[in-house]
Amino acid sequence: MKLIEEFVIPRRSSKAFVVKKGQVLRVTAHEGKQVADIRFLNAHDYNEQFAARWSIPLNSIQKIGGYKKLKQLWSKVPYNSVMLTVIDDKVGDHNFGCQCSPIFVKLKGAPDDLTCAELFDRCLEPYGLSMKDLDSAGVFNLFMPVRYLDDEKGTFSFNRPSCEKGDYIDFRAEMDVLVAATSCPEGNIVNDFDPKGMLYRIFE
């Protein structure tokens with residue numbers, strides 16, 4: 001593959017950019033254990049967005065993915081298109097569907113701080129978008145392992161990031177996609193108590 005673009009999204013920040021059909025997006029934990037929250041939208045129709053929770057059953061019934069790992073990233077109903085395909089995943093232990101937000105950190109009892117919801121607002125503003133325009137459960141929580149507890153409620157716990165320094169995942173775009181990505185700002189176990197940056201490369 002030919003490298004055509006490379007950049008780092010620094011710690012506690014975000015960036016939106018376009019990946020064209022057929023290109024490969026590689027996201028690398030180049031500084032160590034860190035989570036990235038990533039959204040994918042059709043670059044020509046922002047109403048079509050990656051549906052994290054919908055992708056889980058669609059992968060499961062094909063036996064190609066599930067709650068920890070996806071092969072195909074599907075868009076929400078009524079579009080039902082494969083937006084991206086995971087072609088390499090050095091970790092295969094992620095979470096799908098949410099991002100930290102002011103109410104999330106408040107309910108956790110954490111101090112008021114920057115959140116991924118606010119970072120999405122910032123990076124998507126040049127595209128005329130904000131969280132109001134987004135599927136609230138449309139996030140790929142890269143390298144964020146969660147474990148379901150053996151209780152009647154099905155609650156889960158957060159753990160240290162599943163990646164080690166240098167681990168990466170490759171997505172092949174099946175359409176032109178607008179990518180919005182954050183280097184999660186939380187300073188707790190989610191980012192191994194030390195928020196870091198993340199390296200992005202685009203190949204064709």
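In the predicted model, Tyr148 is partly exposed, because its relative accessible area is 46%, a value between the limits of 20% for buried and 50% for exposed residues. Tyr148 belongs to strand E10, which spans residues 146–148. Together with Tyr67 and Phe156, Tyr148 makes a nonpolar surface patch of about 350 Å².

Aromatic contacts were examined across the whole structure, and 12 aromatic pairs were found. One of these is formed by Phe7 and Tyr200, whose ring centres are 5.7 Å apart and whose planes meet at 5 degrees, so the pair is classed as stacked. This pair joins distant parts of the chain, as Phe7 lies in strand E1 (residues 3–9) and Tyr200 in strand E14 (residues 198–203), 193 residues apart. Phe7 is buried, with a relative accessible area of 12%, and Tyr200 is likewise buried, at 0%.

An edge-to-face pair is formed by Tyr67 and Tyr148, with 6.2 Å from centre to centre and 70 degrees between the planes. Here too distant parts of the chain are linked: Tyr67 is in the loop between helix H1 (52–61) and strand E6 (72–74), whereas Tyr148 is in strand E10, 81 residues apart. Tyr67 counts as exposed, because its relative accessibility of 55% is over 50%.

Ring pairs also connect Phe40, Phe50, Phe96, Phe140 and Phe171 into a cluster.

Charged side chains were found over aromatic rings as well. The charged end of Lys15 sits over the ring of Phe7, at 4.9 Å from the ring centre. Arg26 lies over the face of Tyr168, 4.0 Å from the centre of that ring.

Terms used:
Residues numbered from 1 in each chain as written. Predicted model: local features only at pLDDT ≥ 70, side-chain atom pairs only at ≥ 80, totals over all residues. Heavy atoms only, no water. Patch = residues over 30% accessible without salt bridge, like charges linked within 9 Å, V, L, I, M, F, W, Y side chains within 5 Å. Areas by Shrake-Rupley, 256 points an atom, 1.4 Å probe, with all protein chains shown as cover. Salt bridge = Lys/Arg side-chain N within 4 Å of Asp/Glu carboxyl O. Helix = DSSP H or I, 4+ residues; strand = E, 2+ residues; numbered from the N terminus. Phe/Tyr/Trp six-rings, centres within 6.5 Å; stacked < 30°, edge-to-face > 60°. Buried < 20%, exposed > 50% of the residue type's maximum accessible area, 1.4 Å probe, protein only. Lys NZ or Arg CZ within 6 Å of the ring centre and 35° of its normal.
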